Structure formats: C-alpha cells, structure tokens
Amino acid sequence: MSRSALVGNVTAMLEDAGFVVSDRCAIRPKSFDVAARRGEDLLLVKILGNIDAFNEATGHEMRRLGNYLRATPLVIGLRSRDEDLKPDVVYFRHGVPVFSPDTAYNLFIEDVPPLIYAAPGGLYVNIDGDLLADEREDRDWSLGQLASELGVSRRTVSKYEDGMNASVEVAMALEEMFDSELTSPVDVLEGADDVHEPESTPDDPEADPGDEQVVAVLTRAGYQVHPTVRSPFKAVSEDEDDSDVVLTGHSKFTKAAEKRARIMSSIGHVTRTRSVYVVDRAKQESVDGTAIVERDELEELRDADDLRDVIRERSEREEAA
C-alpha cells in the first residue's frame, strides 16, 4: 500500500470514528500528517508504512507540539524493519506511542483500547495490583504461595501488587489461576503514562535567524514563542495572560506561503487555535481564516491585545464572508 493510500485510509477511519480531521500537511519537513479532534481528545497523527522512518528529531517536535497544544502525539504505522506491527500492541518510539491501523480501529471505532505494550525484553501488560492482592487474600494465599504457583520470587509478586507490570505470559497465568480479569488497558490518549515514562519534554529549538525579528516583536507583545522546525508553521505562540494560542508563520507572500496559511487554518480549526502569517508585503488580509500581517504592521502592534484583535478581526471577517 502506498503511503498516500495509507494516509487516506487512516483519515477516513478517524472521520468514521467521529473525529474532525484537518487537511493533510502536504509540505516538508513535517512532524505530523493530520490533526484530529473528537470532543476534548486532540490527536497529532504521523502515518507511516515503516515506523523506522520516525526519527528522534520528529519525535521531539511532536512531543513539544503535544505539550503546547494539549494534544496526544501518536504514530500509526504498518511495520518496522523486522516485522509487521502486532495488533492491539502499543509500541514507543522516541517517547511517542505507535500502533497499527487495526489497533487504531479497535481503539477509536470499537472503543476497545489495547492491553499490551512493547518494551525492552518483550511484551507487557498493566496489572491491577490492588485487584491481584484482593484475589490472593480471598483465597487466603500468602505472597510466597502465589510466588510458588507462578514460579517467581516472593519479591516479584509483591512488586506486581505494588503496580509493577508483568509479561503477557505471567498475566495470562494469573488470570487463568484466579479466573478473573486482572489487567487494565494502555491509556493511549493520556500519554500512556501508566506503562511508559518518557523523558521530560525536549527543549525548544533555536529560532531560525530569519525569524528572530518576528519572534522579538511577538515576545515584546506578551507572547511566549515556541519555535518549530518540522511543522507547517514556524512557531506556536502563547499569550500568557489570556491563554490564547496562535500558530505563527513567516516568509515572503508566495504561492507556497498561501498553501502553508491554508494548512495552518485547517489545523487551527481542529486544534481550536488561531493562526497568523507575517509577510513583507501582501494584497490581502487573510487566507482561509489565517490572518495576514505585514512585518511593518506587526512592529506597530505593541501589546498582545492589539495583535489578538487584528488576528481575530481578519480571521472572523473571512469566516463571515
């Protein structure tokens, strides 16, 4: 299957699941392919045939964007170099959850979350330690007796009851032994923190030298500016006083810039953010809801209120039209 067909299939599946999906980010470089929202669940989705193409720089960018936009970054892929991705198993690459289209279908369409995750050493599940302890005590078994039945140490059983996850084989043995479900699913939409603890969010990259003036003006106006290097926009800018988030672009006003502005608008619709594109000269004030602001005009906007008003007026004016 071609990557384009795979992206189309995953997008259609998300729409069938009730997500509003952005236009595809058909530009390079790009850290994610589409943004998708269903209620309060916001996803940034990278779609790959071979997940080995997902590198560290892209993973770091997706994790930063997830933090700025309050979104879950994830990768949907078919295979790695060695094998096809197993159904209903969550993998991790550079701190980002990865799973197959079948797993995505079960999660988003059938509302059946995955139970298994891959980690060094094999496949694991999350054991409900309290429930395991209750089952053991109901049988009046000691830790040592359960350890003997499982063929592990007493200390290992104690760790299971304290929340340590178990191999699939151990989990199956426990559930067969007690004739009870003792596992809990991988909560992908919450970052899978119950089974995976990634490093802290990577630091922002340095702003492109050509963007430093724009960054300085936005910072002076009261925005905290987070530069990006692999996104359709140059930065995510947060108004610290108003919790307003703006996707920010900057370049000459070319056909490529118009394309980026349209993608930014589509992503902003899904992520519930506004977008602004700073150019040297322009003959229009917006592109599909992305406000267009000339560089000299931006210099004159001295505070966040003024900039916010310009962005809102220009985006809403086009929406009304």
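The following paragraphs lead through the overall form of this protein, its sheets, its nonpolar cores and several of its loops.

The model is predicted. The protein has 321 residues, and buried residues make up 49% of them. Its secondary structure comes to 11 helices and 16 strands. Along the principal axes, the C-alpha trace spans about 80 × 45 × 35 Å. The accessible surface is about 15,600 Å², and carbon and sulfur atoms supply 43% of that area. Among contacts with a separation of 6 or more, 59% join residues that are 24 or more positions apart. As for charge, the protein carries 37 positive and 66 negative charges, and the mean positions of these two sets are 9 Å apart.

A convenient place to enter the fold is the N-terminal group of strands. Strand β1, residues 20–21, runs antiparallel to β2 and is joined to β2 by 2 bridges. Within this pair, V20 stands opposite R37 of β2. Strand β2, residues 34–38, has 4 of its 5 residues buried, so this strand is largely enclosed by the rest of the structure. On to β3: β2 and β3 are also antiparallel, and 5 bridges join them. R37 appears again here, with L42 of β3 as its bridge partner. R37 of β2 is therefore matched with V20 and with L42 in β3. The hairpin of β2 and β3 has 2 residues between the strands, and in this hairpin G39 takes a positive phi near 65°.

Strand β3 leads to the interior of the protein. In general, nonpolar side chains of soluble globular proteins tend to be buried together. The largest nonpolar core here holds 35 residues, of which F32, L44, L69, F233, V236 and I267 touch the most other members. Two or more residues of this core come from each of β3 (41–50), α2 (56–69), β5 (89–93), β6 (96–99), β13 (244–250), α9 (255–271) and β14 (274–279). The most is given by α9, with 6 residues. The surroundings of F32 show how distant parts of the chain meet: leaving aside residues up to four places away in sequence, F32 touches C25, L44, V45, K46, M62, L65, P232, F233 and I267. There is also a second, separate core of 24 residues, which includes V45, I76, L107 and V186. V45 thus belongs to the second core and is also among the residues that F32 touches.

Several strands of the C-terminal part of the chain form a sheet. Strands of a sheet pair through backbone hydrogen bonds, in either a parallel or an antiparallel sense. In this case, 6 strands make an open sheet with mixed pairing, in the order β11-β12-β13-β14-β16-β15. Because β11 and β15 (286–287) stand at the edges with a single partner strand each, one side of each is left without a neighbour in the sheet. How is the edge strand β11, residues 223–227, placed with respect to solvent, mostly covered or mostly open? Strand β11 is mostly covered, with 4 of its 5 residues buried. The partner of β11 is β12, residues 235–239, and the two pair in the antiparallel sense over 5 bridges. Within this pairing, P227 has A235 of β12 as its bridge partner, while Q224 has E238 of β12.

The loops complete the picture. H94 lies in the loop between β5 and β6, and its phi is near 55°, a positive value in a residue other than glycine. With a relative accessible area of 33%, H94 is partly exposed. R272 occupies the loop between α9 and β14. Phi of R272 is likewise positive, near 60°, in a residue other than glycine. R272 is exposed, at a relative accessible area of 53%.

A further loop, between β4 (72–79) and β5, contains D84. Is D84 buried or exposed? D84 is exposed, with a relative accessible area of 56%. Apart from residues up to four places away in sequence, D84 touches L78 and R79. The C-alpha atom of D84 is separated by 38 Å from that of V245, which is 161 residues away along the chain.

Notes: Residues numbered from 1 in each chain as written. Predicted model: local features only at pLDDT ≥ 70, side-chain atom pairs only at ≥ 80, totals over all residues. Heavy atoms only, no water. Buried < 20%, exposed > 50% of the residue type's maximum accessible area, 1.4 Å probe, protein only. Contact = heavy atoms within 4.5 Å. Areas by Shrake-Rupley, 256 points an atom, 1.4 Å probe, with all protein chains shown as cover. Lys, Arg positive; Asp, Glu negative; His and termini not counted. Charge placed at Lys NZ, Arg CZ, Asp CG, Glu CD. Pairing = 2+ DSSP bridges. Core = buried A, V, L, I, M, F, W, Y, C linked by side-chain atoms within 4.5 Å.
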